[in-house]
Amino acid sequence: MEDRVAPLLLDWYARHARDLPWRTPPGIGERPDPYRVWLSEVMLQQTTTAAVAPYFAKFTLRWPTVEALAAADEADIMAEWAGLGYYSRARNLVKAARAVAERGGFPDTERELRELPGLGAYTAAAVAAIAFDRRAVVVDANVERVVARLFAIEDPLPGARKAIREATDAITPAERAGDFAQGMMDLGATICTARDARCLLCPLSALCRGRAEGDPLRLPVKPAKKAKPRRSGTAFWIERDGAVWLVRRAGRGMLGGMRALPDDGWSARRDGEDDPPVAGAWKAGGVVRHGFTHFDLELGVAIHAGDGVPTGEGEWWPVGQLEEAGLPTLFARAAQLVLAMREGV
DNA sequence: GAATCGTGGCA
DNA sequence: TTGCCAAGATT
C-alpha cells in the first residue's frame, strides 16, 4: 500500500494546492527562495496560515533577503513580530539570519539546517525538502493526523510519534518530497482536519485503514489535558508629557525580548506581587483577561496618578505612536483599555 | 518525558 | 464561556 500513496497525493496536490503567499512560483526551472521558505516555516510553527500571511508580507517587503534581515536591528525585528506570539522564534530568527549571512547563504542539507537556531526536526526537514528538493521526512501536526488515520495507528500521542514517523518515511517518495510534504499538509488542513474527516473528498480514502475501521475522527488518540491555572497580576501605566513608560522584557521567559508595560512580576510562575516601579497613588484602569498556553491571566491595569521617576531601565514612548512600539498583544490590549477609558468609550 | 512558550478562530 | 487547535522548538 505504501507506494500507492505518493502518486495519489501528488496528483491531488497538483489540482488542489492552496494558494499561499510563500508559494509564489519562482521562474521556470528555478527553486523556491530558501529565505522565503525558511521565514514562512518559522512563522508557521504552531500558527495558522491566516495569522502568518500579513506578517510574511511585512517582513519580506521590509527585509527582502536574509542578508537584509541579518543587518537589521534586533529591536526592529522584535517589534515587527509583535502579535504573532512565541517570541523565542523571533529571537532565534535573528541569530539564524546572522549565521546564514555569515556563512554566505543557507545550507542545503537537512543535517546542517537542523543546526540553525529555531530549526527543529520539522522545520529542517521542511526547508530541505521544499527549498532544496531533498528527500526528507516532514512530520507536522497535519501529517501526524493524516498518517495516524491512514495507518490506523492506535497508540496515543506522544508515544505514537515514532511509529508515525516511520510510516511517513515509508510513504515519502524519492522525488518531489517537498511537494509531497506540502500536499500532506494541505490535505490535513482542508480535508482530513482535526474536527472533520471529509473522506468522500480524500484522494487516499481507498487506502485508509482508519476509514476502513469506521471512525477515523478519533485518531490520533491524544492524552487528556491538564486544567489551566489562573493567575493574576498588574501592569502599570505611567504617563508624562504625552509619553508612556515602556520597559524591555528579559531575553528569556514569557514575551522575552519584547517592549512592555512594567508589571508586578506575574510572569514569574506566580501571581504578581512586586512593588510598582514608581511611588505615588494609583487608580484602577480596568482588567484584561488573556489566555496563554499554560495559564489564564487576569491583568489589572493600574494608572499612575502623581510624579516621580520610574526606577530601572526603560524609555518614554509617545502615546500617539504606540502602534510602532511593537507591544505583545497582552500589553497592546492593556494600552487600548487605558486609551479607550480616556476617550470615554 | 514533561514544561514552557502566544494568539486568534472556531464550535 | 470554555476548550481545542494551529506548518514546533527548547530546556
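Which residues are the closest to DNA strand B? In this predicted model, Gly 85, Met 254, Thr 293, Pro 328 and Thr 329 take that spot, out of 19 residues that surround the strand.

DNA strand C has its own set of neighbours: 29 residues sit around it, and Leu 44, Gly 120, Thr 123, Asp 140 and Ala 141 come nearest. As for secondary structure, the elements that each put two or more residues on this surface are H2, helix H8 (121-132), helix H9 (141-150) and helix H11 (177-190). H11 chips in the most, with four residues.

Here's how the two surfaces break down by residue class.

| Surface near | Nonpolar | Polar | Charged |
|---|---|---|---|
| DNA strand B | nine residues | nine residues | one residue |
| DNA strand C | 11 residues | 13 residues | five residues |

Now for the annotation. An unreviewed UniProt entry puts the feature "domain: HhH-GPD" at residues 43-190. In the model, that stretch is 65% helix and 0% strand, and its end C-alpha atoms lie 20 Å apart.

One helix to look at in there is H3, which runs over residues 49-62. Its 14 residues reach 20 Å from the first C-alpha to the last, close to the 20 Å expected at 1.5 Å a residue. Which residues of H3 are buried? They are Val 52, Phe 59 and Thr 60. As for what the buried residues of H3 pack against, the partners are helix H2 (34-43) and helix H5 (74-81). H2 turns up twice, then: it packs with H3 and also gives residues to the surface near DNA strand C.

Terms used:
Residues are numbered from 1 along each chain as its sequence is written. Chains are lettered from A and ligands numbered from 1 in the order in which they are written. This is a predicted model: local features need pLDDT of at least 70, side-chain atom pairs count only at pLDDT 80 or more; totals for chains, interfaces and linings use all residues. A residue is near a molecule or strand if its C-beta atom, placed from the backbone, lies within 6 Å of it. Ala, Val, Leu, Ile, Met, Phe, Trp, Tyr, Cys and Pro count as nonpolar, Asp, Glu, Lys and Arg as charged, and the others, Gly among them, as polar. UniProt positions are given in the numbering used here, feature names are shortened, and annotations may be inferred rather than shown by experiment. The expected span of a helix is 1.5 Å times one less than its number of residues. A residue is buried if 20 or more other C-beta atoms lie within 10 Å of its own, exposed if 12 or fewer, and partly exposed in between; C-beta atoms are placed from the backbone. Two residues are in contact if their C-beta atoms, placed from the backbone, lie within 7 Å.
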